[in-house]
Amino acid sequence: MASVLSRLLATSMLVVVAAPVSLAYGASTATVGGTTVRHDAGRRSTEDRPSMMGATAPTDTAQEERVTVQGSRHSQVAAGLMIKEDAPKSRSTVTQAFIAHQNPASNPMQLISLLPGVNTTSLDPLGLSSGYMSMRGLTQDQIGYTLEGFPLNDIGNYAIYPQEITDAENLRTINVEQGSADLDSPHISATGGAVDMYLLNPKEKFGGTVDASYGSYNSRRIFGRVDTGRVGNSNVKGFVSFSYAAEDSWRGPGGQNKMHGETKWVDEWGKGNVISFTLVGNHATSTLFPSTHMSDWNEKGIHNAYSGTWDPKNPSSNYYELHRNPFTNIYASAPSTFTLSDHIKLTETPYFWYGDGNGGGAYSENLQKFQWGTQSYTGSVGSYNASNVDQALGNTGKNKGNILLYNPSNTQTYRPGAVTKVTVTTGVNRLMLGYWFEYSKQFQTGPYSLINYATGKPLDMLGGGQNLVLSNGDTAQYRDTLTQTRIHTLFIADSLSLLNNRLNIEAGLKYTFVSRQGHNFLPDTSTGPYINQSWQEPLPAASIRYKINAENQIFASVTTNFRIPMNVSLYDSGAYDKASGYSTHANPNMRPEVSISEELGWRYQGPLVMSSLTYFHYNFTNRLYSQTVQTSGGNYYSRSFNGGGMHADGLDFEIGTRPIFYHIRPYFSAEYVHAITDSNIAASGSITDYVRSKGKYAPQTPAYQFGFNLSYDDGHLFGDYSLKYVARQYSTFNNDQHIPSYVLMNIDVGYHFPDMGRFKSPTIRLNLQNIANNHYLGYASGVQANATSVKGVFGSTLKGSAPTYGIAAPFAALATASVDF
């Protein structure tokens with residue numbers, strides 16, 4: 001690993017590459033948009049900056065963190081839900097001013113839920129059980145996420161786990177780019193926009209923060225951060241933080257817990273030279289929540305959970321201890337900027353991503369005849385074997401020869417990479433060149449291992465220890481793969497600033513080459529043990545922004561992005577049947593999903609009111625889907641496939657104010673989107689016919705969303721009331737089943753006490769989530785072609801398949817006391 005990292009750094013330093021690249025996408029300073037704004041009793045003065053647009057991109061954190069949102073906490077626009085923007089595309093930002101009022105255990109998805117286009121679902125009050133997000137109807141595995149410039153999406157399936165990312169107390173801003181990721185964003189899956197997160201800077205002087213929380217479902221959390229201040233006479237400063245959070249499951253047995261640590265160090269010198277380093281460590285274990293079908297939801301409502309009772313004489317795979325989710329993550333990034341001359345800047349962002357964890361499950365297997373590949377074997381696990389398993393477990397009848405085994409889905413990832421950029425500024429022109437390189441290894445296994453039949457717990461939560469060994473000496477696996485992914489991305493962008501920076505014209509090109517080498521260790525697979533696949537795509541972009549006057553600006557952009565197929569599409573895996581083969585079939589020759597996005601927008605940014613209105617259109621080709629297929633013999637298998645096209649038109653709007661009267665600041669956001677499927681989708685359970693989905697509304701896409709926040713803050717007493725309305729969302733391409741619309745309301749109240757000597761700003765606050773205790777389905781976790789039987793395009797009767805859903809969190813209260821020192 002050391003040799004890989006050294007070679008990576010050496011390569012990236014030798015390549016002449018780009019800087020705040022995103023000018024092709026028009027990224028700008030995420031805080032003040034190229035102008036420093038100071039606020040005093042509602043009056044505004046401005047200090048124009050000489051940079052062309054003050055532009056920054058995800059990997060420009062070293063530059064961006066030198067700029068701060070001006071004005072006191074209780075005077076910021078919309079209570080920290082809006083900032084002054086200068087980007088020639090849609091972008092919304094949440095700042096620490098808003099974050100500081102929220103539940104301190106909130107994960108980033110929960111914190112951006114009110115922004116236009118964003119639809120999020122929390123599965124538990126503290127946000128420790130992941131969550132779900134879509135944006136303009138596009139799902140979270142189509143959205144790129146970064147922290148301090150490094151990528152967070154899983155390199156294999158592009159999933160995002162918000163509970164792993166960062167503690168809310170350390171977040172400075174979250175930028176949401178609803179339409180497209182920046183050119184230098186290190187993603188191969190961001191066809192639907194991006195979310196970029198930045199941490200607070202270490203403080204100039206020694207100090208820190210401590211807070212403690214307790215609430216519903218035995219929720220408890222502690223957090224502490226120490227800032228070193230400047231170390232000695234140097235320019236080095238840093239902070240170290242730690243948190244621990246735990247809660248009981250709100251439905252069913254079990255609970256969630258998480259230990260999380262973060263540190264950030266910054267060294268600044270000379271004119272614009274900054275070296276920073278961020279390290280995030282996370283270790284957690286949660287009890288998974290089962291998804292639900294609509295029939296179960298109508299019958300049971302929220303009372304759908306794994307069992308809390310274990311019977312050794314009648315062991316059940318539904319026992320909650322067999323559905324745990326342990327994971328450990330380490331993220332490291334060093335975004336740094338070097339001023340090489342008055343006209344040239346070098347930006348370097350090396351990073352390393354490590355993850356190890358699983359989602360647990362259990363299945364009954366027959367030790368007398370275990371099917372693995374085309375061969376049948378007898379097996380043994382621990383002291384149980386084909387000859388004694390029935391006597392040991394008391395099996396009779398249909399259970400003869402069977403044993404319940406723990407079968408987790410393990411993933412271990414090593415992911416080093418770097419983005420290197422150079423910016424050359426000459427007069428009114430700025431040229432940027434860049435290169436992103438990454439080489440990852442992902443090991444994915446599914447071992448069958450022994451359960452402690454006295455307690456119902458797996459002997460090893462990661463599936464190690466006493467595994468199922470077959471009579472040929474092999475250890476049986478549900479899946480067993482190694483995926484190596486190499487990414488080479490070149491990008492170039494040129495920006496021209498005219499009319500004293502009132503007009504900015506930008507164009508750029510990103511060329512991405514991705515190769516995947518896969519090794520499937522399962523026997524008798526359809527593709528053989530080795531799979532090699534590669535994809536390459538040119539991604540042009542252009543944008544324009546014109547400032548009509550100091551308050552008004554208009555912008556337009558067109559961008560392209562692509563998403564390569566998930567690594568699971570390369571492999572056969574799962575249970576084996578002689579008639580249909582493995583239960584998951586490989587489809588390694590799929591084309592990448594490609595999106596083209598256009599935006600036309602207007603912003604008003606006055607001293608009291610700020611607003612934005614954006615029209616957007618996007619068009620997708622080669623959409624990536626998964627499908628369940630029924631064979632002629634009545635067996636089923638799943639596969640990935642290209643499902644045709646989709647397009648959408650819509651409007652995003654947001655408006656917010658500074659305090660208008662009695663310290664009150666309102667914020668309102670809205671979205672309308674008309675998303676249509678352009679192709680007939682292959683029917684679930686059929687390989688010969690299609691559902692008539694062409695022209696129907698796209699699933700997982702609410703036509704309307706509204707967000708509202710009303711904030712009060714007089715410097716001591718503060719409070720927020722927020723409301724989110726989400727219209728119904730289809731869960732099938734045939735539009736024959738949907739999630740009903742819902743309303744979610746939260747209240748946050750607190751009080752800042754005067755300083756008490758060394759103790760600064762002692763604060764208490766109460767966060768009430770889902771105050772109406774609305775029980776609702778948050779999202780469709782398993783979209784199907786059709787839920788009921790229909791006639792297909794070619795006349796077949798196509799049986800329906802039941803979509804699955806995630807149940808959203810109920811009412812919860814959390815009280816927090818905090819103090820700075």
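**Note on a predicted model rich in strands**

1. Hairpin β33–β34. A hairpin joins β33 to β34 through 3 residues. Strand β33 covers residues 573-577 and strand β34 covers residues 581-585; the two run antiparallel, with 3 bridges between them. One pairing to look for on the screen is tyrosine 576, which stands opposite tyrosine 582 in β34.

2. The chain overall. The model is predicted. The protein chain holds 6 helices and 53 strands. It has 821 residues, and 59% of them count as buried. The accessible surface comes to about 29,800 Å², and carbon and sulfur atoms account for 57% of that surface. If one takes the contacts between residues at least 6 apart in sequence, 71% of them join residues at least 24 apart.

3. Strand β32 and its two partners. Strand β32 runs over residues 552-563 and is mostly covered, since 9 of its 12 residues are buried. With strand β31 (residues 530-547), β32 pairs in the antiparallel sense over 7 bridges. The two form a hairpin with 4 residues between them. Within this pairing, alanine 542 stands opposite valine 558 in β32. Strand β32 also pairs with strand β35 (residues 593-605), again in the antiparallel sense, over 12 bridges. Here the bridge partner of phenylalanine 555 is glycine 601 in β35.

4. The nonpolar patch. Which residues make the nonpolar surface patch of about 1,000 Å²? They are Ile548, Ile554, Leu600, Trp602, Leu613, Tyr615, Leu651, Ile655, Phe668, Tyr672, Tyr704 and Phe706. Several strands contribute: β35, β36 (609-621), β39 (646-657), β40 (664-677) and β43 (704-713) each supply at least two residues of the patch. Phenylalanine 668 can serve as an example. It is found in strand β40. Phenylalanine 668 counts as partly exposed because its relative accessibility is 31%, and partly exposed is the class between under 20% and over 50%.

5. Two residues with positive phi. Glutamate 148 has a phi near 55°, a positive value in a residue other than glycine. Glutamate 148 is found in the loop between β7 (144-147) and β8 (150-151). Is glutamate 148 buried or exposed? Its relative accessible area is 0%, so glutamate 148 is buried. Tyrosine 217 also has a positive phi, near 60°, and is a residue other than glycine. Tyrosine 217 lies in the loop between β11 (207-215) and β12 (219-227). At 31% relative accessibility, tyrosine 217 counts as partly exposed.

6. Glutamine 700. This residue lies in the loop between β42 (690-691) and β43. Although glutamine 700 is in a loop, it counts as buried because its relative accessibility is 15%, and the cut-off for buried is under 20%. A polar atom of the glutamine 700 side chain lies 2.9 Å from the backbone oxygen of alanine 780. Which residues is glutamine 700 in contact with, leaving aside its neighbours within four places in sequence? The list is Tyr132, Ser134, Gly137, Thr139, Gln729, Tyr730, Ala780 and Val783.

7. A sheet of 5 strands. An open sheet has its 5 strands in the order β3-β9-β10-β7-β8, with mixed pairing. Why is one side of β3 (92-95) and of β8 left without a neighbour in the sheet? Both stand at the edges and each has a single partner strand, so one side of each has no neighbour there. For β3, antiparallel pairing with strand β9 (residues 171-177) runs over 4 bridges. In this pairing threonine 95 stands opposite threonine 173 in β9. The loop that holds glutamate 148, from point 5, lies between β7 and β8, and both of these strands belong to this sheet.

8. A sheet of 3 strands. Another open sheet has 3 strands in the order β4-β5-β6, and its pairing is antiparallel. The edge strands are β4 (118-122) and β6 (138-139), each pairing on one side only. Strand β4 pairs with strand β5 (residues 131-135) over 5 bridges. Valine 118 has methionine 135 in β5 as its bridge partner.

Conventions
Residues numbered from 1 in each chain as written. Predicted model: local features only at pLDDT ≥ 70, side-chain atom pairs only at ≥ 80, totals over all residues. Heavy atoms only, no water. Buried < 20%, exposed > 50% of the residue type's maximum accessible area, 1.4 Å probe, protein only. Pairing = 2+ DSSP bridges. Patch = residues over 30% accessible without salt bridge, like charges linked within 9 Å, V, L, I, M, F, W, Y side chains within 5 Å. Areas by Shrake-Rupley, 256 points an atom, 1.4 Å probe, with all protein chains shown as cover. Salt bridge = Lys/Arg side-chain N within 4 Å of Asp/Glu carboxyl O. Polar contact = N/O pair within 3.5 Å; in protein donor to acceptor, adjacent residues only side chain to side chain. Contact = heavy atoms within 4.5 Å.
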